[in-house]
Amino acid sequence: MSTTTTVTEVQPSITVENMLRLFPDIDTRSDALSGHDAEQIRLMDEVCIVTDENDYPIGNASKKICHLMTNIDKGLLHRAFSVFLFNDKNELLLQQRASEKITFPDMWTNTCCSHPLGIPGEGGSNLPDAIEGVKRAAQRKLDHELGIKKEQVPIEKFKFLTRIHYKAPSDGKWGEHEVDYILFIKANVDLDPSPNEVQATQYVSAEKLKQLFEDPSLKFTPWFKLICNSMLFEWWEHLDSGLDKYMNEQEIRRML
């Protein structure tokens with residue numbers, strides 16, 4: 001059973017000085033990306049939203065800085081989202097991450113997992129604004145990774161369920177430490193995956209997904225397994241009826 005915590009009402013100031021005060025010995029080394037795919041290195045310059053453990057923004061930092069285990073071990077935490085897209089048969093779209101990905105390459109996961117960026121429209125220091133921000137970010141990344149046009153996944157069709165706070169190493173150098181917004185959407189979409197992001201996709205029923213978990217040759221991302229092992233299958237059962245009681249959870253689920 002996961003524990004929860006209620007968001008407080010005090011927002012820290014979002015300044016470079018505040019970031020340096022909180023993380024004075026942050027690791028910014030330039031050699032960490034040596035040998036990786038050029039496009040994935042470029043994407044590591046994107047600016048993530050750094051938060052405190054109650055999901056209040058305290059600054060911005062590059063995707064690279066946020067995903068180095070040396071910084072994660074110092075407490076650096078950032079905002080993320082996980083999209084679960086279902087078709088009209090209530091099958092969940094999975095993706096297998098490309099081999100070029102720097103974190104968690106080749107692993108199967110939910111439809112789309114990424115980050116709202118420190119840009120206009122994707123932030124938010126209160127929960128309603130932050131939810132709108134991650135929905136816009138979800139539209140952007142569904143197009144970038146899977147070629148799904150925003151017209152097929154309109155903002156109003158996304159359903160926000162909850163947030164999970166988790167930490168997971170990818171290898172000795174990289175990892176995740178996120179407050180992850182869980183978004184459901186039911187839509188029939190056209191796929192045109194970017195091979196630099198996604199090497200395979202498949203739609204699965206709940207029973208099929210449980211069978212895949214039993215296959216030792218398949219690897220799954222840690223956040224996907226956390227969500228599956230906690231609430232996913234219960235949420236899935238209520239996709240067409242009763243999902244409202246699980247939506248808009250105000251507390252953060254701690255899965256550390």
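**Entry one.** I began with the smaller find: the second largest cavity has a volume of about 30 Å³. I keep in mind that the model I am reading is predicted.

**Entry two.** Next I asked which residues line the second largest cavity. I noted Thr162, Ile164, Ile182, Ile227, Ser230, Met231, Trp235, Arg253 and Met255. Sorted by class, this lining has six nonpolar, two polar and one charged residues.

**Entry three.** Which elements supply at least two residues each to that lining? I found β8 (159-169), α7 (222-237) and β11 (252-255). The largest share, four residues, comes from α7.

**Entry four.** I then checked how many cavities of 30 Å³ or more the structure holds. There are two, so I turned to the other one.

**Entry five.** The largest cavity contains about 200 Å³ of space. I looked up its lining and found 23 residues. Those closest to the centre of the cavity are Lys63, Arg97, Lys101, Thr103 and His115, a good place to start looking in the 3D view.

**Entry six.** Where in the chain does this lining come from? I wrote down the elements that give two or more residues to the lining of the largest cavity. The helices are α2 (38-43), α3 (63-67) and α5 (127-146). The strands are β4 (78-86), β7 (112-114) and β9 (175-186).

**Entry seven.** Last, I sorted the lining of the largest cavity by class. I noted seven nonpolar, six polar and ten charged residues.

How values were computed. Residues numbered from 1 in each chain as written. Predicted model: local features only at pLDDT ≥ 70, side-chain atom pairs only at ≥ 80, totals over all residues. Heavy atoms only, no water. 1 Å grid on protein atoms, 1.4 Å probe; cavity = no way out; pocket = protein on both sides within 12 Å on 5 of 7 lines; lining within 4 Å. Points joined across faces, edges and corners; volume = space filled by probe spheres on them. Nonpolar A, V, L, I, M, F, W, Y, C, P; charged D, E, K, R; others polar.
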